[in-house]
Amino acid sequence: MNLMITGGAGFIGANLVLHWLQHHPDDLVINFDALTYAGNLENLAEVKNHPKYRFVLGDLRNPADISKTFSKYHVDAVIHLAAESHVDRSIYGPADFIETNISGTFNLLETARDYWKTDLSAHRFLHVSTDEVYGSLGSCGKFLETTPYAPNSPYSASKAASDHLVRAWHHTYKMNMLTTNCSNNYGPFQFPEKLLPLLINNCLQNLYIPVYGDGKNIRDWLFVKDHCEALDCVFHSGKSGETYNIGGGNEWSNIDIVRYVCKELDQRLGRSKENSCEKLITFVQDRPGHDLRYAIDASKIKTELNWTPRHTFGEGLSKTIEWYLGHQNWIKDITSGTYREYYELQYGGQNSDAV
Ligand code: NAD
Ligand code: TYD
């Protein structure tokens, strides 16, 4: 099979490319990525000369890039991850989210429909989405696949729109589509604008740790390698036209997870109580429209496809922290340039030399 993975140079995409090459050695993996600020080919340095791996510098906003890739590599199936993915960026500038997440998905669907038209049902298209499309939960309940969509941020609205396109292309054109809605991921290669890598990086740099609002917002955290296994499982065993929620069953308030990671880092860095990373915690102005709580009910994928996460939070977090500690050059490279400008805009250049 010739599998096109979009967004393969990003966080989850890179983990998925590595997973696929390891577990499906007969498949050709075509990584289609525009290399935006979030895409980094260093993530895939170890496979750059792998005989079953190809990289295509292509933009979903340009239909010709997509159709050339389909023709050149005879694409048999797609796993679609490429997106603008950060909520805060979507608040500052929603246009890219509309163009990539909505128009880009439309371009990809139309190219696939045209290229596979003689045998649409034989070609799988897995669309990777987020639990944020369901909006915000109160203190109880969890998101089911049947929970009505209620996206609150420009990011989640653009992902919700792309989910609806996928649903319609299945329903109307009978394309062989699957959608997954996953909770917050953490692990190697995550860009340090998202909470956990930002927190680890800031502790290493003695920068303040910005916690939005009162820190009581809750997220359901899943180790990225477990997400990749779930995507593999849905791709191979999921039922066409269905959606599957993927989650870790692992809810943490932001302030609790921040304190927990600080403790883990103190131990590894040999920091005393007086110099604890916790001293860097700073409550800052809340994110506009900040969703209170996300939590996934993953019983459908568990009962129908027999998937459950293999890593406990302790295991996944240890692996993640070790990875960031061992890849400080990766962080240095990625935090230079445009990320610095965004950081200044988001956090107003606040700093701390408290430790
Ligand atoms: P990311 O921001 O780390 O990576 C996105 C990748 O897409 C980058 O490599 C970027 O270069 C590429 N890209 C962006 N615009 C493109 C375009 N126009 N054409 C081609 N490539 C483009 O994102 P991520 O965290 O790896 O998320 C991947 C997918 O998973 C997204 O669709 C996201 O909505 C979804 N998701 C993420 C999480 C999470 O916690 N990170 C949770 C659930 C779902
Ligand atoms: P984030 O990693 O941006 O993921 P998402 O918004 O998609 O859930 O944020 C996770 C949680 O952490 C979210 O409730 C916002 C909060 N947060 C902070 O408190 N401070 C920060 O600097 C960031 C980036 C996020």
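In these legends, two residues are in contact, or touch, when they have heavy atoms within 4.5 Å. This is a predicted model, where local features need pLDDT of at least 70, side-chain atom pairs count only at pLDDT 80 or more, and totals for chains, interfaces and linings use all residues. Residues are numbered from 1 along each chain as its sequence is written, chains are lettered from A and ligands numbered from 1 in the order in which they are written, and side-chain values use heavy atoms, with hydrogens and water left out.

**View 1. T100 sits in helix α4 and meets ligand 1.**
Not counting residues up to four places away in sequence, T100 touches R61, A82, A83, E84 and T105. T100 is buried at 9% relative accessibility (buried means under 20% relative accessible area, exposed over 50%, partly exposed in between, with a 1.4 Å probe and protein chains only). An N or O atom in the T100 side chain is 2.9 Å from a nitrogen atom of ligand 1; a polar contact here is a pair of N or O atoms within 3.5 Å, and within protein one must be able to donate a hydrogen and the other to accept it, while residues adjacent in sequence count only if both atoms are side-chain atoms.

**View 2. Ligand 1 has 29 residues around it.**
A residue makes this list if one of its heavy atoms lies within 4 Å of the molecule. The closest are I12, D33, S85, Y155 and K159. From S85, a polar side-chain atom lies 2.6 Å from an oxygen atom of the ligand. F11 uses its backbone instead: a polar atom there is 3.0 Å from an oxygen atom of ligand 1.

**View 3. Ligand 2 is surrounded by 18 residues.**
E132, R219, R287, H290 and Y347 come nearest. H290 has a polar side-chain atom 2.7 Å from an oxygen atom of ligand 2. N254 also offers its side chain, with a polar atom 2.9 Å from an oxygen atom of the ligand. At P210 look at the backbone: a polar atom there is 2.7 Å from a nitrogen atom of ligand 2.

**View 4. Seven strands make an open, parallel sheet.**
Read across, the order is β3-β2-β1-β4-β5-β6-β10. The edges are β3 (53-57) and β10 (243-246), each pairing on one side only. On average, the twist from one strand to the next is 20°. Helices (H or I, at least four residues) and strands (E, at least two) are DSSP runs, numbered from the N terminus, and two strands pair if DSSP finds at least two bridges between them. Strand β6 (residues 176-182) runs parallel to β10, and four bridges join them. To spot one of the residue pairs, find N181, whose bridge partner in β10 is N245.

**View 5. Helices α2 and α4 lie against the sheet strands.**
Helix α2 (residues 63-73) packs on the sheet and touches β1 (2-6), β2 (28-33), β3 and β4 (77-80). The direction of α2 makes about 165° with that of β2. Helix α4 (residues 95-115) lies across β1, β4, β5 (124-130) and β6, at about 170° to β5. For these angles, axes are lines fitted to C-alpha atoms, for helices over the stretch in contact, and values run from 0 to 180 degrees between N-to-C directions.

**View 6. T69 lies in helix α2.**
T69 counts as buried, at 4% relative accessibility. Which residues is T69 in contact with, leaving aside its neighbours within four places in sequence? They are M4, I30, F32, V56, H74 and V75.

**View 7. C182 and C228 are in no disulfide.**
A disulfide is a covalent bond between the sulfur atoms of two cysteines. The cut-off used here is a pair of cysteine sulfur atoms within 2.5 Å, and the structure holds zero of them. Why is C182 not bonded to C228? Because their sulfurs are 9.5 Å apart, too far for a bond. Both cysteines count as buried, C182 at 3% relative accessibility and C228 at 1%.

**View 8. N206 and N306 each have a positive phi without being glycine.**
N206 has a phi of about 60° and sits in the loop between α6 (195-205) and β8 (209-212). At 21% relative accessibility, N206 is partly exposed. Phi of N306 is near 65°, and N306 is in the loop between α9 (299-305) and α10 (313-326). With a relative accessible area of 70%, N306 is exposed.
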